[in-house]
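Thanks for coming. I will go through one structure this morning, and I will keep it short. Please have a look at it before I start.

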Number of protein chains: 2
Amino acid sequence: MAEDLAETEDEVLDQPRIDAVLAAVEAGDGEGVDSLLDPLHAADIADLLEQIGPSDRRALLALWSHEIDGEILSEISEGIREEVVEAMPREVLAEAVRDLETDDVVDILEDLDAPQQELILTALEDADRVAVEQAMAYPENSAGRLMQRELVVAPEHWTVGEAIDFLRGAEHLPDQFYHVILVDPRMTPVGYVTLGRILSSGREARLRDITEDSFRSVTATDAEADVAYIFNQYHLISCPVVDGSGRLVGVITIDDAMNVLDEEHEEDMLRLAGVGDEADVSDGPVETVKQRLPWLVVNLFTASLSALVISQFQNTIATLVALAALMPIVASTGGIAGTQSLAVAVRALATRDLTRANAARVVRRELLAGMMNGVGLALILGAAGVVIFGDWHLGAVLGLAMIVNQIVAALGGVLVPLTLERMGLDPALASGTFVTTLTDVMGFFAFLGLATVMLT
Amino acid sequence: MAEDLAETEDEVLDQPRIDAVLAAVEAGDGEGVDSLLDPLHAADIADLLEQIGPSDRRALLALWSHEIDGEILSEISEGIREEVVEAMPREVLAEAVRDLETDDVVDILEDLDAPQQELILTALEDADRVAVEQAMAYPENSAGRLMQRELVVAPEHWTVGEAIDFLRGAEHLPDQFYHVILVDPRMTPVGYVTLGRILSSGREARLRDITEDSFRSVTATDAEADVAYIFNQYHLISCPVVDGSGRLVGVITIDDAMNVLDEEHEEDMLRLAGVGDEADVSDGPVETVKQRLPWLVVNLFTASLSALVISQFQNTIATLVALAALMPIVASTGGIAGTQSLAVAVRALATRDLTRANAARVVRRELLAGMMNGVGLALILGAAGVVIFGDWHLGAVLGLAMIVNQIVAALGGVLVPLTLERMGLDPALASGTFVTTLTDVMGFFAFLGLATVMLT
């Protein structure tokens, strides 16, 4: 019998299984597809749908779309969700969304077009539809969109026994809940009790005597990024959400917070690299170009600044053509140093480890580190210049330009994101382009300027 | 009375409070410091210690180190943990670590020197010390290091009533637990029951009838990155850990998995930028130089490759000095395109959205996107070349070089991390340097090569 239980462990999605699914799809073998996909977790089925090609996906959906349930639907990435919803028979779609909790329905709705939104809303039961529409009334990326309205609450005067009896009699409980939230008669949350404490206390214990020491709530209009920060910082599992007047309106659970955190990380990384933050590995070439070309065009103009700087020194270069070969070294090493400084600063701003309290010290640290790196690199590059070209002056120009540009890079890497943050903008946004433009322009200017003074 | 409870909500760490703490420290007012720090969450106290300067920190620790508890100690970042442990009186340290669960003790020990490790181990009770030493015997970054040994298990034949009676009578329960793990007589986990299901079922219900459908366990030697992936992919709250023979030896909870995920993200971002993955915003300038200079030196050599390429075309440049000013445009725009492609690929590899199943399609997508971006940029740059220099040939050279380099950048951005991954290396490691070297070298070569053929 133990073995029966152990078999409930889900199977994994690996290459042989993907190949088998594709073979079954090609053979039009619906039952084969079903027996291969059925043991998989919804998240793995969603991954499979994302990873196979568009024509395979269409064929698979034609065979199997009636088996897609709410869980699979909420695991599917935004990029292909519309396609999947389109392929699902109306009654299957209705069934699927009725299974879900309101926060998951909201998450799905957010990324769909109006006609598809309508389709899903009409499929919901009245009470759920009202709850979903209320959630959609909160601003995008707010706690109100993230929370579920299915709550487990108890009056603050209840005992453990009363709570257990209530839970045993309850008709609808959320799929996952980890706390019972205590409320006063005005529905203001006043504390919460973990299920572990309830289970390990006697029936006569009063809930208010076994609440957690630390209790936090968020407001429905709070930004989801702030909510994710609170979960991460204070290791929360769930967190009550209140409205403007302090009444309990919902609860956010760790899985939703983890999703937000994951998206924030992704956004930081993609924005730093100058890609639209919606970029997905399953996007087609046209979407990819739409995300990337705008930044490349911006960069075309900023790169022209470098060209403009260099063109001011055409006479110097004509006198000593070797300068043209050497100048990218100073600029490129500066670009790398700027990126290093930038990555640390953007990350620290995201985790709120870089604040007013230490900003001045971090800037000073960057200045010192930039000088030291500059001197180290200058010694190597300067010596190489002297040895290869047999010219002390050229070595000195290379070394000095390197020091100047390393300092500019280190400072730019921290000051650019700090300034964007102070202006209320995303520090990762466009930082990369700003900083490399700065280091390119300064690199070429310092090197060619010094060369003009010292070598010609 | 409701208000009493509400006051347990923790206060926050903001700039006025930091200033007040620093003023109290300067005045040598230990009680003032205490009253300011006491209402704060351990994570916020740790942040404060990280964000103030080294001399303020020393003064604060001298006044207040006897108040540091286990929770604060485990929240403090590795960079300053050694300093804090050093400052704590022995008996306070002993008290602090005795409070912690074994996984948190292991986490602290990992980053300390041998003498400090010894200090902490001797402070533990015998049973805990054995548990910690056993955990330390597992490889670094494995599930065995991450798990806690405090478990809540029940024989598979128990009823809800038996489980509740057991929990009420238990002397030591973990601080946080979300499931009861069912085991067979050989201590093999066979399923788990959420506390919510236990609370909402009648006393006579059998635990094995209310287990979760989906049940996963990990092996103690599994990599922590794999564990974090499973938590994220399957939305787990906790996960049993078994040894090589399948016996239950511990449990990993979501907060530990979230930490690992957070560190992985940080590593990806820092490695992509060519900074040591231990870089922290609170590091001093010397540590910062140690993390960054090695990569800068590597980049100095790779940048010299570009210089070498350019030097082969000195005659061409001497003939038309304007080329020296224009060549960085092609190289730099290629660098940005490579970084874009790279960020998407590294991220997708980390979330396992880029696999063998779709690698070929993603590479094809990059090729197409690179071509389209190249043509778009070529039209703008080529036209500018024609207009500004009045030379059709120069415009054509700029445009063609741009197309070539955009294709190289898009392909390099995805092929470099894919190749590193196939070789069993971290795809983020050094990818940035590889790709920008590639786009620089190809950018200069394509532009100057074409110019030599078409313009001279």
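I will begin with one pair of residues, B:Val242 and B:Leu248, which stand opposite each other, with B:Leu248 in β6(B). Keep in mind throughout that this is a predicted model.

That pair belongs to two strands that run antiparallel, β5 of chain B, residues 238–242, and β6(B), and 5 bridges join them. Going one step out, the sheet they sit in is open and has 3 strands, in the order β4-β5-β6 of chain B, with mixed pairing. Which strands are at the edge here? They are β4, 218–219, and β6, 248–253, of chain B, and each of them pairs on one side only. A helix also belongs in this picture: α15 of chain B, residues 224–234, lies across β4, β5 and β6 of that chain, and its direction makes about 60° with β6(B).

Next, the other sheet in chain B. This one is open too, with 3 strands in the order β1-β2-β3, and the pairing is mixed. Strands β1 (153–155) and β3 (189–194) of chain B each have a single partner strand, so each is left with one side that has no neighbour in the sheet. On average, neighbouring strands in this sheet are turned by 35° against each other, if direction is ignored. Within the sheet, β1(B) pairs in the parallel sense with β2 of chain B, residues 179–183, over 3 bridges. One position to look at is B:Pro155, which has B:Val183 of β2(B) opposite.

Now to where the two chains meet. Contact involves 132 residues of chain B and 133 residues of chain A. The size of an interface is often given as the accessible area lost when the parts come together. How much area is buried between chain B and chain A? About 11,600 Å², and carbon and sulfur atoms give 63% of that. Three residues, B:Leu199, B:Met269 and B:Val281, supply 7% of the area that chain B buries against chain A, which is more than any other three residues.

On the polar side, 41 residue pairs are in polar contact between chain B and chain A, counting pairs with both residues at pLDDT 80 or more. The element of chain B that gives the most to the side touching chain A is helix α19, residues 322–350, with 18 residues. Sorted by class, that side of chain B has 69 nonpolar, 34 polar and 29 charged residues.

Salt bridges come last. There are 6 between chain B and chain A. One salt bridge is formed by B:Asp262 with A:Arg347, where the closest N and O atoms are 3.3 Å apart. Over all chains, the structure holds 30 salt bridges. Among those is one within chain A, between the side chains of A:Glu156 and A:Arg208, at 3.3 Å from N to O. These two residues are 52 residues apart and link distant parts of the chain: A:Glu156 is in the loop between β1 (153–155) and α13 (160–169), and A:Arg208 is in the loop between α14 (195–200) and β4 (218–219), all of chain A.

Key. Residues numbered from 1 in each chain as written. Chains lettered and ligands numbered in written order. Predicted model: local features only at pLDDT ≥ 70, side-chain atom pairs only at ≥ 80, totals over all residues. Heavy atoms only, no water. Pairing = 2+ DSSP bridges. Helix = DSSP H or I, 4+ residues; strand = E, 2+ residues; numbered from the N terminus. Axes fitted to C-alpha atoms, helices over the stretch in contact; angles between N-to-C directions. Contact = heavy atoms within 4.5 Å. Buried area = accessible area lost by both parts, 1.4 Å probe. Salt bridge = Lys/Arg side-chain N within 4 Å of Asp/Glu carboxyl O. Polar contact = N/O pair within 3.5 Å; in protein donor to acceptor, adjacent residues only side chain to side chain. Nonpolar A, V, L, I, M, F, W, Y, C, P; charged D, E, K, R; others polar.
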